[in-house]
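Dear colleague,

I am handing over the structure we spoke about, and you will find it just below. My notes on what turned up in it follow, arranged by topic.

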Amino acid sequence: MKTINWVSLQNLIGGNALGAEQAFGTPPLMIVHQGLKNDEHYINYMNNQRGLNIPVVQMDNEYTTFVTQEDENKFNDVVENNHIHVAVMTPYCAGLSSLNASSSGSKARGDANNDQNQNMYGLSDLGMRIGADVVTFENAPAAYTKAGQGVVDRLIEIAESHDYSTHLLRTDTIHHGIPQARKRTFVTYFKNSLPPKFTYESKEYTKLYDYLNEIPKDASSQDITKGNIHTPLYDFVLSYTNKTSFLEAVSTIPNAPATTTTLIAIEKIGFDKCIDWLKERNQEGDEKYVKLLEHAKYKKSIGKSFWDSSSYVPNKGEFSNSVIGKHIHMQIVGDRPMNIREMMHLMGLPHDFEILEASKNWHALTQNVPTCTSAYICNEIKKYLNGELEILSVPFVKQDNLFKRIDTNNMKNIDKW
């Protein structure tokens, strides 16, 4: 089996690159970035914590020019003296992210020309200019859907201009061994070759509570949490159900969904019951929650939904929902907020990995690729480079690891080809 030479192009906090390292067995020959703060955590881990002295190259935000002559010299030295098999990168996914609420203007979600997508196009072009045999990156799940078709068309144009074919794969982290439901699309380009058929994967995952218990007691950032679950709403749910944990309480509430927030639990019990309880208790701050419940009750009465950022137990405590920054509280078994190290473990980051100034910069880990999904993709790329995968018959393939099928734009299934 050949040694795989690969480079890391903007891998942000580093989950994608660390997953690639797991699969390829070697660290990258070079790290290229545009000076983003998120990149500093990965660079620090590789060169300061591990002492690997990997060349670091900084380019402009369009990845067309180098910041200094030294950057250009380091870049050329790596590219000219090595055959680059793979370029691994993590562009922004905000252009297609469901968290992007913009419907117009330069940041409009789904607009192939929006500001955020330029980063994806620039990185794709850079990976192909390097001449890597394979270029791969992760993006939002919408890239696989009709909402992302304009973006994919642009990516195909870029690929074809450099003689690369294009492969999309939709998957979910929970299929690759980590108990986090995180659907994403991987885009992979193949130089002078039609795309291969990746092997499907569905690994068993460890239940959330047991998985988080794998974290060593001396690992850092376990004292840093986000949010407070012990609100008057939480107090009411435990009081009403006469339980000592929210997970136990939810199990007694009729029709409570698998992922239940404190506000949803109260809706199922009855808004009025909680309002009366709060008024009778009459503690400082309770009035604010009475107003919140009255507003939620009104919105439901007119057939509308209400904003809910209350703490929650995901999926009956068996696995986590996608780790994102917008969920201020993420409650797990143990009735406390999830700490930063636990979120890092849900991304598959090593137990010795450090987020610089973690209490301030923890949000960077939400803009990350879980290492297990990256390792899955890169293991398939390794099989391709070693001639172990079937080569398909079309230059553009959409492959779905969720439903174990192959799709294209105009055909539901091409397995019959």
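Glu 380 and Lys 383 form a salt bridge in which the closest N and O atoms are 2.9 Å apart; please keep in mind, here and below, that this is a predicted model. The two residues are three places apart in helix α14 (residues 371-385), so about one helical turn separates them. With a relative accessible area of 3%, Glu 380 is buried, whereas Lys 383, at 27%, is partly exposed. Elsewhere, salt bridges that share partners join Asp 235, Arg 281 and Asp 286 into one network. Within that network, the bridge between Arg 281 and Asp 286 has its closest N and O atoms 2.9 Å apart, and while Arg 281 is partly exposed at 23% relative accessible area, Asp 286 is buried at 2%.

The structure holds 14 salt bridges, and one of them, between the side chains of Glu 318 and Lys 207, has an N to O distance of 4.0 Å. This pair links distant parts of the chain, 111 residues apart, with Glu 318 in the loop between β9 (312-313) and β10 (331-332) and Lys 207 in the loop between β7 (183-191) and α6 (208-212). Both partners are partly exposed, Glu 318 with a relative accessible area of 33% and Lys 207 with 40%.

As for disulfides, a search of the whole structure finds zero. The sulfur of Cys 372 has its closest cysteine sulfur in Cys 378, 12 Å away, and this is too far for a bond because a disulfide requires the sulfur atoms to be within 2.5 Å. Cys 372 is buried, with a relative accessible area of 12%, and Cys 378 is buried as well, at 1%.

You may also want to look at Ile 13, which sits in the loop between β1 (6-9) and α1 (15-24) and counts as buried at 0% relative accessibility. Its C-alpha atom is separated by 5.2 Å from that of Tyr 42, which is 29 residues away along the chain. Leaving aside neighbours within four places in sequence, Ile 13 is in contact with residues including Asn 38, His 41, Leu 349, Phe 353 and Asn 368.

Finally, the second largest pocket contains about 280 Å³ of space. It is lined by 17 residues, of which Leu 233, Tyr 289, Leu 292, Ser 309 and Ser 310 are the closest to its centre. Helix α11 (286-301) and helix α9 (262-269) each supply at least two lining residues, and α11 gives the most, with five. By class, the lining has seven nonpolar, eight polar and two charged residues.

With best wishes

How values were computed
Residues numbered from 1 in each chain as written. Predicted model: local features only at pLDDT ≥ 70, side-chain atom pairs only at ≥ 80, totals over all residues. Heavy atoms only, no water. 1 Å grid on protein atoms, 1.4 Å probe; cavity = no way out; pocket = protein on both sides within 12 Å on 5 of 7 lines; lining within 4 Å. Points joined across faces, edges and corners; volume = space filled by probe spheres on them. Helix = DSSP H or I, 4+ residues; strand = E, 2+ residues; numbered from the N terminus. Nonpolar A, V, L, I, M, F, W, Y, C, P; charged D, E, K, R; others polar. Buried < 20%, exposed > 50% of the residue type's maximum accessible area, 1.4 Å probe, protein only. Contact = heavy atoms within 4.5 Å.
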